[in-house]
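Here is a short report on one protein model. It covers selected residues, a sheet and the packing of one helix.

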Amino acid sequence: MKQKVAVIGAGTIGSAVAIALRKNGYGVIATRRRKEKIQDLEGMGIEICSDNRRAVQSSDIIIISLKPMDAVSEIKRLSEDMQDKILISLAAALPVGVIKKFSRSYTVRAMTNIAARVGGGFTVYCFDDEFPEERKAEVRELLSSFGRIEEVEEKYMDALTALSGSGPAYILTVIESMMYAGLKVGLPRELALKASYETVLGAAKLVGESGDHPSILKELVITPAGVTIDAIYELEDSGIRTAFMRAIESATKKSETITKNIIEKFNV
Ligand SMILES: NC(=O)c1ccc[n+]([C@@H]2O[C@H](COP(=O)([O-])OP(=O)(O)OC[C@H]3O[C@@H](n4cnc5c(N)ncnc54)[C@H](OP(=O)(O)O)[C@@H]3O)[C@@H](O)[C@H]2O)c1
């Protein structure tokens, strides 16, 4: 078995990463106050408890997947138990500087997304300045359990929280919209859903594997006076691009505001 990881706050994202880690051979102990809500994790070989201190003490690496303010309280309270261990915070809008103010752990700030549950997440991360070089590989290996990873500068975290952290919600809206469109033109429900998500999956794979810009790939589908251009005309007319830009800009601003409030509150 690989190292033991404590997942503190096994709610939506904490449970997702606990499952991904277990599948990848890590020992996992997951906590939440109402531990009866995560009993299903036990069947997957994940230890569950409500005692964060015990979980931290018995683990090599700690993942905090709490809301930002709860994360700060627990990091403060368990600071001594976490000392010299790797602490990975998944809390949105919680800067490394605030975590370091209350902890003597080797700190990583990361933002993953719900697709981590199936190993299809995209996780961006940054290390604190004092993080030991020789331990960075352990973090990269662990985060890779959730899917693809990318090290980034912390200044991009609010934008990435809005783009890829929240992103599955936008793409699920796209899949749902395409499915409804399928229903509108008479497809059976299951076929409409399958055709929608397989198309999203395939288009994403095409971009990732070809390395080509989406606009070049799109040109391959749009033939003069063909079927696709009629749909593209309607989408452009609806302002779909600016809708996405406005949406992600608005979510970025929200994340920036939360970050700013946290920084002010903790005077960092
Ligand atoms: N959801 C996402 O897609 C996503 C993606 C990336 C990052 N995040 C970030 O991850 C964090 C958690 O988000 P979430 O959506 O997973 O929220 P969530 O579902 O509410 O999970 C948080 C969990 O923490 C538990 N909890 C609260 N206080 C605790 C404590 N003192 N000790 C142990 N457990 C405690 C809660 O359960 P009890 O009340 O039973 O204790 C709750 O289930 C947030 O900072 C969020 O920004 C979320």
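Glu-74 sits in helix 4 (residues 68-77). Helices (H or I, at least four residues) and strands (E, at least two) are DSSP runs, numbered from the N terminus. The model is predicted, so local features need pLDDT of at least 70 and side-chain atom pairs count only at pLDDT 80 or more, while totals for chains, interfaces and linings use all residues. Residues are numbered from 1 along each chain as its sequence is written, and side-chain values use heavy atoms, with hydrogens and water left out.

Is Glu-74 buried or exposed? Glu-74 counts as buried because its relative accessibility is 14%. Buried means under 20% relative accessible area, exposed over 50%, and partly exposed in between (1.4 Å probe, protein chains only). Leaving aside neighbours within four places in sequence, Glu-74 is in contact with Asn-52, Leu-66 and Met-82. Contact means heavy atoms within 4.5 Å.

**The sheet**

Eight strands form an open sheet in the order 3-2-1-4-5-6-7-8, and the pairing is mixed. Strand 3 (47-49) and strand 8 (147-151) stand at the edges; each has a single partner strand, so one side of each is left without a neighbour in the sheet. On average, neighbouring strands of this sheet are turned by 25 degrees against each other, direction ignored. Two strands pair if DSSP finds at least two bridges between them. Strands of a sheet pair through backbone hydrogen bonds, either parallel or antiparallel.

Two of the pairings can be given in detail. Strand 1 (residues 4-8) and strand 2 (residues 27-31) pair in the parallel sense over five bridges. Lys-4 has Gly-27 in strand 2 as its bridge partner. Strand 5 (residues 86-89) and strand 6 pair in the parallel sense over four bridges. Here Ser-89 has Arg-109 in strand 6 as its bridge partner. Strand 6 is mostly covered, with five of its six residues buried.

**Helix 8 and its surroundings**

Which residues of helix 8 (residues 157-165) are buried? They are Met-157, Asp-158, Leu-160, Thr-161, Ala-162 and Ser-164. Their cover includes strand 6 (106-111), strand 7 (121-127), helix 9 (167-184) and helix 13 (240-266). Helix 8 lies across strand 6 and strand 7, and runs at about 45 degrees to strand 6.

The axes of helix 8 and helix 13 come within 8 Å and cross at roughly 135 degrees. That angle is why helix 8 counts as oblique to helix 13. Axes are lines fitted to C-alpha atoms, for helices over the stretch in contact, and angles run from 0 to 180 degrees between N-to-C directions. Angles under 35 degrees count as roughly parallel, over 145 as roughly antiparallel, 65 to 115 as roughly perpendicular and the rest as oblique.

On the helix 8 side, Asp-158, Ala-159, Thr-161, Ala-162 and Leu-163 take part. They meet Ile-248, Ala-251, Thr-252, Ser-255, Glu-256 and Thr-259 of helix 13. By class, the residues of the contact of helix 8 with helix 13 are five nonpolar, four polar and two charged. Ala, Val, Leu, Ile, Met, Phe, Trp, Tyr, Cys and Pro count as nonpolar, Asp, Glu, Lys and Arg as charged, and the others, Gly among them, as polar.

The axes of helix 8 and helix 9 come within 5 Å and cross at roughly 30 degrees. These two helices, 8 and 9, are therefore roughly parallel to each other. Helix 8 contributes Ala-162, Leu-163, Ser-164 and Gly-165 to the contact, and helix 9 contributes Gly-167, Pro-168 and Tyr-170. The contact of helix 8 with helix 9 has four nonpolar, three polar and no charged residues.

Tyr-170 lies in helix 9. Not counting residues up to four places away in sequence, Tyr-170 touches Ala-162, Leu-163, Phe-244, Ile-248 and Ala-251. Tyr-170 and Ala-247 are 77 residues apart in sequence, yet 9.2 Å apart in space, C-alpha to C-alpha.

**Two alanines with positive phi**

| Residue | Phi | Loop | Relative accessibility |
|---|---|---|---|
| Ala-93 | about 65 degrees | between strand 5 and helix 6 (96-102) | 1%, buried |
| Ala-225 | about 55 degrees | between helix 11 (214-221) and helix 12 (228-237) | 82%, exposed |

Ala-93 has a positive phi although it is not a glycine. Ala-225 also has a positive phi without being a glycine.
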